2 protein chains.
Amino acid sequence: MRKSNKYALGVDVGATIVKIGLVNSKGKIVYKTSLFTSSLKTKAIFIERVIKQIRQIVKEKELLKKNLAGIGIGLPGSVDYAKGIVHNLTNIKNWKGIPLRGILRKHFDFPIHLDNDANAFAQGQLKWGKAQGVKNAICVTLGSGVGGGLIINGKVYRGSNYSAGEIGHVCIDVHGPKCGCKSNGCLESFVGNKYIVNRAIERIKNGQKTSLVKKVNGRLNLITPEMITEAAKEKDVFSVKTWEEVGTYLGIGLGGMVNVINPEKIIIGGGISKSGKFIFSPLQKELKKRTMKQHLKILKVVKADFVDDAGVMGAASLAMERR
Amino acid sequence: MRKSNKYALGVDVGATIVKIGLVNSKGKIVYKTSLFTSSLKTKAIFIERVIKQIRQIVKEKELLKKNLAGIGIGLPGSVDYAKGIVHNLTNIKNWKGIPLRGILRKHFDFPIHLDNDANAFAQGQLKWGKAQGVKNAICVTLGSGVGGGLIINGKVYRGSNYSAGEIGHVCIDVHGPKCGCKSNGCLESFVGNKYIVNRAIERIKNGQKTSLVKKVNGRLNLITPEMITEAAKEKDVFSVKTWEEVGTYLGIGLGGMVNVINPEKIIIGGGISKSGKFIFSPLQKELKKRTMKQHLKILKVVKADFVDDAGVMGAASLAMERR
């Protein structure tokens, strides 16, 4: 690696894949690799494999203190940003209050920064993406969960104990379904991956017609959000309506958040955002209904930069940002 | 007035009363007067009467540039804090985009600061009240409307065009009633004064028993929130349950906000907060259900300082705070 340039190593721990990328200071990924999260069943294996993978890249790319700004890790769970402790980690068994930064420090002589994946996502958009130069923004990742990262006064806002931004757990329907967080009617329980698919399956079982059934040869449990988007593009009315509903729910939740945060931008990323206009159009429509006049005046809704790499970029930006 | 001390004049424009108070630097009101808002029917009369009243106090109290830090005004409506323009003003006819600060400046040679009343309330709590030394807080005023002022990183957060904090207009029920803001299911449409009373009246008409009926000699439209609190104190089950419901709705709305903002404190003021434990107990109970583990750990819910003077104190603090 060129010594004149500074790189950052970003580790994006996702529900299915752990992505690791080496990012240069201009925000370009120069090297990328990944692990299957499902292969990292215990916390010991998780930590061991991540260390091994990082060590390999450090060696292969000749990374030294002078050309690597640091290692940034974005994790789906509750992270103490200041102390580098990961309180809990989705999909890894028995994970509880692990001082991950301290553990990694024993292995690497680089600055190490940990954060919740949605905050990392927001930091990445702020550093290299759609939030550059933006004062206040709501960043949203739509996937199996609904993650949120707030940008307030030009910085990622983390709250009083680093837990801010949980827009997936704002109740939009007092009579709504049970949510994974044990509350009910949360935004996530309407627009999280599995909830979208489950509602679709239920409707198909109730007799609604859709080309999705043929796509999965009648095995409804194989339906994915990607398929619903594909079918929507092929003008399957059921699928278009499915996204319409998701966009509307999202607008209800985000409309309230806009009234509270009064941002210039909503920046939307995550797998679900690939459904594009099918979700953005109803979202925009609902936001017009739900947000107050002054708030709407300055609001822009945009798709995040970096698509599938937004997590890695975000993680790397954590290390690029701090000294 | 003693020259060694600095005062600030606070003007709190309320739905029924305009309160004016002279506050010293320690946060003590040394003089107070008021006008009925209903007597200020047009914008011309409103502006004229407010000017006259301020002028009288300035003369009577011998206020000069050296002993008056400035004039702060809190208004129920949309205020451009930077430009001193009041976009709209509840209860005053034809009010639209009035450059109130500019108008007042022609009459007074003091710094003049205008803000939304909920932001002013938050500023007052930050300067002299329950938010002193607090990093992040959600301040709430419960009255005819539900006002919100956010404290972020130790300062009142106003948003990208000075419209932040509208927690009354977060949807908590997609199927909820129409709200004054034209959306539906907003928190305000469940816990605003008139909605509380209207729901109570409806239930009485549906045959529910309560001592309130006797209190108003059967004239149900005379029921006020204060009466419901009085009856609750006298163990009227209907009234206790009415507040229980309000506290629960409030918990649903604020629970979501806590998950997003992750504050140390929720500070509750406004007329409705006088119902005390009748609203605070169910609120706390619901917050425990709705807020995530990390968030709940550090959260305190407290009653605001200054009760009925919180608006005047807040308005005065606007002038005390800025130079």
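Into which domains is chain A divided? In this predicted model, domain 1 of chain A is made of two stretches, 7-127 and 309-321, while domain 2 covers 137-304. A distance of 26 Å separates the C-alpha centres of domain 1 and domain 2 of chain A.

The two domains of chain A touch through 16 residues of domain 1 and 17 residues of domain 2. On the domain 1 side, two elements of chain A give two or more residues each: β5 (77-80) and α3 (117-127). The biggest share there comes from α3(A), with eight residues. Sorted by character, the domain 1 side of this contact holds 10 nonpolar, four polar and two charged residues.

The next level to look at is the pairing of the chains. Between them, 40 residues of chain A are in contact with 40 residues of chain B. On the chain A side, β9 (146-152), α8 (237-261), α9 (277-290) and α10 (293-298) each supply at least two residues. Here α8(A) gives the most, with seven residues. The side of chain A that touches chain B divides into 16 nonpolar, 17 polar and seven charged residues.

How, then, are the two chains arranged, and what turn lays one on the other? A turn of 180° with a shift of 0.0 Å along the axis lays chain A on chain B, with an RMSD of 0.0 Å. This is the relation of a two-fold axis. Both copies use the same surface, as 100% of the contact residues of chain A recur in chain B.

How values were computed: Residues are numbered from 1 along each chain as its sequence is written. Chains are lettered from A and ligands numbered from 1 in the order in which they are written. This is a predicted model: local features need pLDDT of at least 70, side-chain atom pairs count only at pLDDT 80 or more; totals for chains, interfaces and linings use all residues. Domain bounds come from an automatic or database domain assignment. Two residues are in contact if their C-beta atoms, placed from the backbone, lie within 7 Å. Helices (H or I, at least four residues) and strands (E, at least two) are DSSP runs, numbered from the N terminus. Ala, Val, Leu, Ile, Met, Phe, Trp, Tyr, Cys and Pro count as nonpolar, Asp, Glu, Lys and Arg as charged, and the others, Gly among them, as polar. Copies are superposed by least squares on the C-alpha atoms of residues with pLDDT of at least 70 in both.
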